[in-house]
Each structure stands twice: as C-alpha cells, then as structure tokens.
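Trainee: I should like to request a close look at a single part of this model, namely its internal cavities and the elements that surround them. Please set the part within the whole chain as you proceed.

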Amino acid sequence: MNQTPRAPTPLTELGGQSILFVMAAEPEYGPHLRERFAPFMTGVGPVEAAVELTAALAELEARGRLPDLVVSLGSAGSRELEQTEVYQATSVAYRDMDATPLGFATGVTPFLDLPATLPLPLRIPGIREATLSTGADIVSGAAYDAIAADMVDMESYAGLRACTRFAVPLVVLRGISDGKAELNHIDDWTEYLHVIDEKLAAAVDRLGEALGQGLVKL
C-alpha cells in the first residue's frame, strides 16, 4: 500500500537557535501560536508521542539538521495549580509504569537504569515551575489522589525519552486547562484553550528573549 509522502519536519529559528516545537493536537494550536511557529504534531498519548517524535528526530538527524532544542507545548490538568496559567515542567514521571510485583519501585522502568522521576534542567526566567506526570489516561476527580506531581499530561515523558536518544534538550510548557472539577465532556477540556493559547504564545516570546540574551544555556 502506498503512503502519502510525509512533509519535512518544521524547524523554527528563535533567539538564534533552531527549535522544534512539538504539540499533540490541533485544538491546542490556536491563533496566537500560529503567528509564531509551525509545530510538529505527534497525536495524543505516550505511544504516539514516542513513535512520531522519534521518527521526526531520526529524519532530522539523517539530514544533519537536529534542532538545538525541542519545546513541547500544550495543555495539562491539575487539581492544585491555577487554571489557564502556564507552567514549565521541572521534572516528569511516567505514571503508567508499575513493575512493583517484580520488586521495582513504582514508576521505574525495569532494567532501564533511570529513576522514576526525570529532571528537566532548563529554565525560562519568569515562568512558573511545576512537576509533571505523564500517562495514557485522562486524570479527573479522585484519580489525582494517586499522583504526586503538580500537573498531568499524556506526552511529555515520551518526548523526553525520544529527545534523550538524540541528545537534544527539552523544554515543556503546559497551560492548565482542567482539573478543578470532574471531566464529563470534551468541552470541559477545550473551554479555556483559547486563553492558554495566548499565554503559551507569551511564554514562547519569553523563551526567545531568554535564548537571545543567553539566559537559557543549551
């Protein structure tokens, strides 16, 4: 079966650096972000994020064009953080991994020699910080009780593992779209995405300024 040729992975020049902006879904890519970059869309969830971003980075490596930085943007859920505000992730954990019956700590992938929580060391000055948990489930209501991180998403841990494979640093920016109330419909997620779009765009501008001033060291 013939497949439609894939368009080249888009790169954006920002602050004198080559950036690959990565997002999961079109509803998160609003008019303010559209003015600033063309993203690479992975699809939703850790499997799609891992497969698609790994393929994109492999393609860029083959062309001798690996980016200086990958920036993952989108929404996240949180029961505690301020709704519609944007946070940069300081660490990310993989909540789906549970090999405790074999004697491994919760969140630790067997035989990978990595801790349950992986740090994200880059910091953008002036943007709030929070810890992040990635998994394939939509977290709502009492499900937050089992999660130690400040916010939850479905792609960032997979994105970090792909970036690590190619030795490319990662920044994760997330706007809090939901979490204060139970999710019952997709509208509960999309209601504030237009606000998050504007605030993520401002965070991208701040990243560009910080890169240009040498405040973010790659």
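Mentor: What follows goes from the chain as a whole to its cavities, and then to the helices, strands, loops and pocket associated with them.

The structure is a predicted model. Its chain contains five helices and nine strands, which succeed one another along the sequence in the pattern β-β-α-β-α-β-β-β-β-β-α-β-α-α. The chain has 218 residues, and 47% of them count as buried.

Within this fold there are two cavities of 30 Å³ or more. The largest cavity has a volume of about 80 Å³. Its lining is made up of 14 residues, and those closest to the centre are V22, S72, E155, G159 and R174. Five elements each give two or more residues to this lining: β2 (17-23), α2, β4, α3 and β9 (170-178). Of the elements, β4 gives the most, with three residues. In chemical terms, the lining of the largest cavity divides into eight nonpolar, four polar and two charged residues.

The second largest cavity holds about 30 Å³ of space. Its lining consists of Q88, A89, L120, L122, L170, V171 and V172. Here the elements giving two or more residues are β5 and β9, and β9 gives the most, with three residues. This lining comprises six nonpolar residues, one polar residue and no charged residue. Strand β9 thus deserves attention in both places: β9 is among the elements that give two or more residues to the lining of the largest cavity, and β9 also gives three residues to that of the second largest cavity.

Let us now turn to the helices beside the largest cavity. Helix α3 spans residues 156-165, and seven of its ten residues are buried, so this helix is largely enclosed by the rest of the structure. The buried residues of α3 are S156, Y157, A158, G159, L160, A162 and C163. One of them, G159, has already been named among the residues closest to the centre of the largest cavity. After α3 comes A167, whose phi is positive, near 55 degrees.

Helix α2, which covers residues 46-62, packs against α3 at an angle of about 25 degrees, and the two axes lie 8 Å apart. Angles under 35 degrees count as roughly parallel, and α2 and α3 are therefore roughly parallel to each other. The crossing of these two helices is right-handed. Both α2 and α3 give two or more residues to the lining of the largest cavity, so far as the listed contributions go.

Strand β5, one of the elements lining the second largest cavity, can be examined through a single residue. V92 lies in β5, and its relative accessibility of 0% means that V92 counts as buried. Its C-alpha atom is separated by 4.7 Å from that of L132, although the two residues are 40 residues apart along the chain.

The loops on the two sides of β5 in the sequence each contain a residue with an unusual backbone setting to consider. T84 is placed in the loop between β4 (69-77) and β5, and F111 in the loop between β5 and β6 (117-119). T84 is a residue other than glycine with a positive phi, near 75 degrees. F111, again not a glycine, has a positive phi near 65 degrees. Their surroundings differ in accessibility: T84 counts as buried, at 14% relative accessibility, whereas F111 is exposed, with a relative accessible area of 78%.

Finally, β5 also takes part in an open feature, the second largest pocket. The elements that give two or more residues to the lining of this pocket are β5 (86-94) and β7 (128-134). About 330 Å³ of space lies in the second largest pocket. Its lining has 17 residues, of which A93, R95, S133, I147 and A148 lie nearest the centre. By type, this lining divides into nine nonpolar, six polar and two charged residues.

Terms used
Residues are numbered from 1 along each chain as its sequence is written. This is a predicted model: local features need pLDDT of at least 70, side-chain atom pairs count only at pLDDT 80 or more; totals for chains, interfaces and linings use all residues. Side-chain values use heavy atoms; hydrogens and water are left out. On a 1 Å grid over the protein atoms alone, a cavity is a set of points where a 1.4 Å probe fits but cannot get out, and a pocket is an open set with protein on both sides within 12 Å along at least five of seven lines; lining residues have an atom within 4 Å of a point. Grid points are joined across faces, edges and corners, and a volume is the space filled by probe spheres set on the points. Helices (H or I, at least four residues) and strands (E, at least two) are DSSP runs, numbered from the N terminus. Ala, Val, Leu, Ile, Met, Phe, Trp, Tyr, Cys and Pro count as nonpolar, Asp, Glu, Lys and Arg as charged, and the others, Gly among them, as polar. Buried means under 20% relative accessible area, exposed over 50%, partly exposed in between (1.4 Å probe, protein chains only). Axes are lines fitted to C-alpha atoms, for helices over the stretch in contact, and angles run from 0 to 180 degrees between N-to-C directions. Angles under 35 degrees count as roughly parallel, over 145 as roughly antiparallel, 65 to 115 as roughly perpendicular and the rest as oblique. A crossing is left-handed if the near helix is turned anticlockwise from the far one by less than a right angle, and right-handed if clockwise.
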